[in-house]
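Please look over the following comments on a helix pair and on the ends of one of its members.

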Amino acid sequence: MSEAGKDLKEAAARRGSFLGTVKAVAWSFIGIRKGAGYDKDVAQLNPVHVIIAGVIAAAVFVVSLVLLVQWVIGSGVAGA
């Protein structure tokens, strides 16, 4: 097995908590994170959890925007 394949298997076997992953994804969405925190995340988080949390966070963000736009249009604020 290649070195990259071993690294990927090793990373996927990490036991980082899903709550910690959600926090890291939330920080990345906001765009503020210290370099030390990023390095810690890279060393501890399971990449599969990061992908799942990122997709969920993106879906929640899009749904929130759609609901906000519908609310603004429905309230008549946008037409004033």
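1. Helix α4 is followed by Gly76, whose phi is positive, near 85°; helices here are DSSP runs of H or I of at least four residues, numbered from the N terminus. The model is a predicted one, in which local features need pLDDT of at least 70 and side-chain atom pairs count only at pLDDT 80 or more, while totals for chains, interfaces and linings use all residues. Residues are numbered from 1 along each chain as its sequence is written, and side-chain values use heavy atoms, with hydrogens and water left out.

2. At the start of α4, a side-chain oxygen of Asn46 comes to within 2.9 Å of the backbone nitrogen of Val48.

3. The axes of α2 (residues 18-30) and α4 (residues 47-75), lines fitted to C-alpha atoms over the stretch in contact, come within 9 Å and cross at roughly 55°. That makes α2 oblique to α4, a class left for angles that are not under 35, over 145 or from 65 to 115 degrees.

4. In contact (heavy atoms within 4.5 Å), α2 residues including Phe18, Val22 and Phe29 meet a set in α4 that includes Val50, Ala57 and Phe61. By class, this contact of α2 with α4 has 10 nonpolar, three polar and no charged residues, with Gly counted among the polar ones.

Key. Axes fitted to C-alpha atoms, helices over the stretch in contact; angles between N-to-C directions. Helix = DSSP H or I, 4+ residues; strand = E, 2+ residues; numbered from the N terminus. Polar contact = N/O pair within 3.5 Å; in protein donor to acceptor, adjacent residues only side chain to side chain.
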